[in-house]
Amino acid sequence: MSNSHIKAMPRRQWLATAAVLAVTGFHRTALAQATTMQVWKDPNCGCCQLWVEHLQASGFKVEVRDVGNTAARKRLGMPEQLGSCHTASVGGYVIEGHVPAADIHRLLKERPVALGLSVPGMPIGSPGMDGPEYKGRKDAYDVLLVQKDGSSKSFQRYPGLRRMAQREGLQRVNDDAAALPWATAEVRHIDKAAGKVALKHGEIKNLDMPPMSMVFQIQNPSQLNGLHVGQKVRFQAVQGQGAYWVLKIEASAL
């Protein structure tokens with residue numbers, strides 16, 4: 001709109017036009033802020049970085065804080081039992097784990113009264129856990145809408161291909177740790193306070209997991225006392241309670 005047209009307007013019309021422009025500008029600013037996401041993650045977690053790249057490819061501006069996510073998850077109020085390997089904040093909501101960008105866009109559009117979204121654990125086939133090394137494998141999982149009281153319900157269901165017989169067999173193996181295969185790895189980061197260790201590992205056969213870098217929970221945190229960054233180790237791992245757990249870890253010459 002030219003200056004000459006603005007000057008020719010009656011005062012009431014000019015004020016109405018200015019109000020419309022102001023509101024439009026406000027909505028554009030709010031939209032830009034809503035699509036800027038803060039992410040807290042471990043710097044050694046490869047799947048977390050792939051999830052960040054998934055967000056960026058879907059139009060989000062991402063501000064990464066490589067300081068781990070345990071403190072952020074607690075501060076933002078996401079229940080521990082719904083936790084995963086990274087935590088994010090966008091548009092007044094908390095995002096936990098490998099939530100697809102499409103579901104985050106839907107959340108910001110519908111604006112339900114809620115704490116945010118969570119994909120507990122790290123299901124294979126979710127964004128960041130869907131590389132070619134998984135050979136098309138897709139685990140079933142739910143994106144959960146988490147209420148402010150900690151309760152949750154399904155927001156979006158991804159059926160996947162679970163191969164239930166294999167998973168039931170894994171559960172039987174979990175009951176006898178001596179029967180679990182050993183995987184090899186290099187220690188990348190140790191977080192004793194959170195009971196976590198980041199490993200650049202080889203294939204984990206019982207989890208059908210290819211080589212990658214990942215953060216694991218430690219069932220017995222005292223096992224971290226004898227570890228140091230750069231050390232070669234072997235370990236046994238299982239999946240349960242929405243996370244990947246190291247049951248036993250020890251030094252090993254690779």
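This is a chat about strands, a loop residue and salt bridges in a predicted model.

Trainee: Let's start with strand E4. Is it buried or exposed?
Mentor: Buried. E4 covers residues 93-97, and 5 of its 5 residues are buried, so the strand is largely enclosed by the rest of the structure. Keep in mind that we're looking at a predicted model.

Trainee: Which way does E3 run against E4?
Mentor: Antiparallel. E3 is residues 86-90, and 4 bridges join it to E4. If you want a spot to look at, Ser-89 in E3 stands opposite Val-94 in E4.

Trainee: And how many residues sit between E3 and E4?
Mentor: There are 2 residues between them, and the two strands form a hairpin. Check Gly-91 in the turn, where phi is positive, about 55°.

Trainee: What about E4 and E5, parallel or antiparallel?
Mentor: Parallel, over 4 bridges, with E5 being residues 116-119. Glu-96 has Ser-118 in E5 as its bridge partner. In general, strands of a sheet pair through backbone hydrogen bonds, and both senses, parallel and antiparallel, occur.

Trainee: What do E4, H5 and E5 make together?
Mentor: A β-α-β unit, and a left-handed one. H5 is the helix at residues 101-110.

Trainee: Stay on H5 a moment. Which residue does Arg-106 form a salt bridge with?
Mentor: Glu-110, with the closest N and O atoms 3.0 Å apart. Both residues lie in H5, 4 residues apart, which is about one turn of the helix.

Trainee: Why do we call Arg-106 partly exposed?
Mentor: Because its relative accessibility is 30%, and partly exposed is the class between 20% and 50%. Glu-110 is partly exposed too, at 48%.

Trainee: How many salt bridges turn up in the whole structure?
Mentor: The search finds 11. As background, side chains of opposite charge can pair when their charged atoms come close.

Trainee: Back to Glu-96, then. Which residue is its salt-bridge partner?
Mentor: One is Arg-73, with the closest N and O atoms 2.9 Å apart. That pair links distant parts of the chain, as Glu-96 is in strand E4 and Arg-73 is in helix H4, 23 residues apart. Glu-96 and Arg-73 are both buried.

Trainee: Any other salt bridge to look at? What does Arg-137 pair with?
Mentor: The side chain of Arg-137 meets that of Asp-139 in a salt bridge, 3.2 Å from N to O. Arg-137 counts as buried at 13% relative accessibility, and Asp-139 is buried as well, at 5%. Elsewhere, salt bridges that share partners join Arg-73, Glu-80 and Glu-96 into one network.

Trainee: New topic: Asn-69. Where is it?
Mentor: In the loop between strand E2 (61-65) and helix H4 (70-76).

Trainee: Why is Asn-69 put in the buried class?
Mentor: Because its relative accessible area is 4%, and buried means under 20%.

Trainee: What does its side chain make a polar contact with?
Mentor: The side chain of Thr-87, at 3.1 Å. Leaving out residues up to four places away in sequence, Asn-69 also touches others, including Trp-40, His-86, Glu-96 and Lys-196.

Trainee: And how far is Asn-69 from Asp-42?
Mentor: In space, 7.0 Å from C-alpha to C-alpha, while in sequence the two are 27 residues apart.

Trainee: Last one, the barrel. What's the strand order?
Mentor: E8-E9-E10-E12-E11, so to trace it on screen, follow those 5 strands as they close, with mixed pairing. On average, neighbouring strands of this sheet are turned by 55° against each other, direction ignored.

Trainee: How many bridges are there between E8 and E9?
Mentor: They pair over 6 bridges in the antiparallel sense, with E8 at residues 183-191 and E9 at residues 196-201. One position to check there is Ala-185, which stands opposite His-201 in E9.

Methods:
Residues numbered from 1 in each chain as written. Predicted model: local features only at pLDDT ≥ 70, side-chain atom pairs only at ≥ 80, totals over all residues. Heavy atoms only, no water. Buried < 20%, exposed > 50% of the residue type's maximum accessible area, 1.4 Å probe, protein only. Pairing = 2+ DSSP bridges. Right-handed = clockwise from strand over helix to strand, strands pointing away. Axes fitted to C-alpha atoms, helices over the stretch in contact; angles between N-to-C directions. Polar contact = N/O pair within 3.5 Å; in protein donor to acceptor, adjacent residues only side chain to side chain. Contact = heavy atoms within 4.5 Å. Salt bridge = Lys/Arg side-chain N within 4 Å of Asp/Glu carboxyl O.
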